[in-house]
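User: I should like to go through the fold of this protein step by step. Please reason from the structure in each reply.

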Amino acid sequence: MGVRYLVTGATGALGSAVVERLLESNPDDRIRVFVRSQRRFREIFPRANVEMVRGNVLIPLNVRRAVRNVDVIFHCINFPLTNYYHNLESARLLVTAIGDTDAHVVYPGNTWVFETPELSTPNPPITPETPIDPPSRMAKIKAETDETLVRAPFPTTVVHLPDFYGPGVTNDLVRPLFERPIAGRNVLFPAPVDVPHEFIFIEDAARALISVADRSTADRRFTVGTEPTTVESFIQRVYDAAGTDGRIKGVPPWVLQGGALFSERLEVVREILHVFMHDTTMNGDAIRDAVGFEPRVGYDEGINRTVTWYREESE
């Protein structure tokens with residue numbers, strides 16, 4: 001008998017990428033997905049041999065039904081920034097539903113939660129040992145969500161990922177980085193564009209989570225490093241892939257701060273932009289040493305595939 005997997009948020013960008021990678025692996029494994037819309041899941045995976053549990057991650061009875069008799073849970077739920085506190089609520093419900101069973105939870109972390117270095121001093125890449133010290137309200141919610149799962153009685157592994165992009169990734173930060181260059185328009189980014197940063201292709205993000213599903217990695221944190229770049233360089237690659245031209249400009253923080261007074265969306269986006277103000281590149285040695293994981297898709301391939309996807313979606 002294979003491993004019994006559960007993927008929450010299986011119609012989202014990361015959750016569906018995890019499902020796709022699992023479907024490519026051992027045919028003896030059993031995959032269960034927890035979704036709000038079975039129709040939406042079948043649009044993405046029309047012939048996938050999976051068990052579907054329909055429900056809401058914020059309803060305890062639904063969560064208990066979804067987690068019953070599974071070995072590994074990829075908790076890929078991610079609410080929009082304006083409702084981000086629901087991520088913490090869903091983590092707490094998950095802890096209660098799993099109880100004292102030994103299901104292994106694999107959870108995607110990010111770079112928001114780490115301490116912010118002094119801008120005047122060079123800082124080394126982020127590692128699993130870098131202190132957790134979230135500098136904003138949104139980052140504190142993310143850090144508390146991580147900690148809720150880490151402190152639970154069941155084994156948990158948190159994998160801190162760079163910002164991911166790729167087919168299906170359409171969040172408010174990533175979408176303009178592709179849609180505007182594809183249309184030959186300028187990109188006005190709400191933060192500095194010349195600070196070292198990393199992005200990871202969505203397939204590699206899913207592979208990173210799956211790589212630590214084995215129980216030997218439980219109760220650990222990992223950081224995933226890719227190729228350091230900048231937002232400006234990344235967007236220029238998108239222009240090159242799209243065959244268009246445009247200007248790339250970062251917005252001064254005070255401009256966004258003023259706009260946040262009149263827009264809830266801008267207010268919450270502003271709370272995660274600290275990760276673009278300083279170097280948030282990560283060191284991937286620990287996950288490489290533990291399970292041999294390394295990203296496979298470089299920026300040129302990943303951006304080309306993403307541009308193709310955005311163009312097909314707009315037809």
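User: Which residues of β6 point one way and which the other, and are they buried or exposed?

Analyst: This is a predicted model. In a regular strand the side chains alternate between the two faces of the sheet. In β6, T157 and V159 point one way, while T156, V158 and H160 point the other way. Residues on both sides of β6 have one status: all are buried.

User: What does this imply for the surroundings of strand β6?

Analyst: Strand β6 covers residues 156-160, and five of the five are buried. The strand is therefore largely enclosed by the rest of the structure.

User: Which strands pair with β6, and in which sense?

Analyst: Strand β5 (residues 104-109) is joined to β6 by five bridges, and the two run parallel; within this pair, G109 stands opposite H160. Strand β10 (residues 220-223) pairs with β6 over four bridges, where F222 is the bridge partner of V159. The partners of β6 are thus β5 and β10, both in the parallel sense.

User: What is the order of the strands in the open sheet, and which stand at the edges?

Analyst: Seven strands form the open sheet with parallel pairing, in the order β3-β2-β1-β4-β5-β6-β10. Two of these strands have a single partner each, so one side of each is left without a neighbour in the sheet. Neighbouring strands are turned by 20 degrees against each other on average, direction ignored. The edge strands are β3 (51-54) and β10.

User: Which residues are the bridge partners of V7 and T8?

Analyst: Strand β1 (residues 4-8) pairs with β2 in the parallel sense over five bridges, and four bridges join β1 to β4 (residues 72-75), also in parallel. In β2, V7 has V33 as its bridge partner. In β4, the partner of T8 is H75.

User: How many residues of strand β2 are buried, and which helix touches β2?

Analyst: Strand β2 spans residues 30-35, and five of the six are buried, so β2 is largely enclosed by the rest of the structure. A helix of residues 60-67 packs on the sheet, touching β1, β2, β3 and β4, and its direction makes about 170 degrees with that of β2. That helix is α3.

User: Which helix lies across β4 and β5, and at what angle to β4?

Analyst: The helix that lies across these two strands covers residues 85-98. This is α4, and its angle to β4 is about 170 degrees.

User: At what angle do helices α6 and α12 pack, and how are the residues of their contact divided?

Analyst: Helix α6 (residues 175-182) and helix α12 (residues 299-314) have axes 10 Å apart and pack at about 70 degrees, which makes α6 roughly perpendicular to α12. The contact is made by R175, F178, E179 and I182 of α6 and by I303, T306, V307, Y310 and R311 of α12. By class, these residues divide into five nonpolar, one polar and three charged.

User: Which residues touch the most other members of the largest nonpolar core, and which helix gives the most to this core?

Analyst: The largest nonpolar core has 70 residues, and F41, F74, V159, Y165, F178 and F234 touch the most other members. The helix that gives the most, with six residues, spans residues 231-242 and is α8.

User: With which residues is F234 in contact, leaving aside its neighbours within four places in sequence?

Analyst: With those neighbours set aside, the contacts of F234 include Y165 and F178, which are also among the residues touching the most other core members. The full set is Y165, L177, F178, F199, T229, Y299 and I303.

How values were computed:
Residues are numbered from 1 along each chain as its sequence is written. This is a predicted model: local features need pLDDT of at least 70, side-chain atom pairs count only at pLDDT 80 or more; totals for chains, interfaces and linings use all residues. Side-chain values use heavy atoms; hydrogens and water are left out. Buried means under 20% relative accessible area, exposed over 50%, partly exposed in between (1.4 Å probe, protein chains only). Two strands pair if DSSP finds at least two bridges between them. Axes are lines fitted to C-alpha atoms, for helices over the stretch in contact, and angles run from 0 to 180 degrees between N-to-C directions. Angles under 35 degrees count as roughly parallel, over 145 as roughly antiparallel, 65 to 115 as roughly perpendicular and the rest as oblique. Contact means heavy atoms within 4.5 Å. Ala, Val, Leu, Ile, Met, Phe, Trp, Tyr, Cys and Pro count as nonpolar, Asp, Glu, Lys and Arg as charged, and the others, Gly among them, as polar. A nonpolar core is a set of buried Ala, Val, Leu, Ile, Met, Phe, Trp, Tyr and Cys residues joined through side-chain atoms within 4.5 Å.
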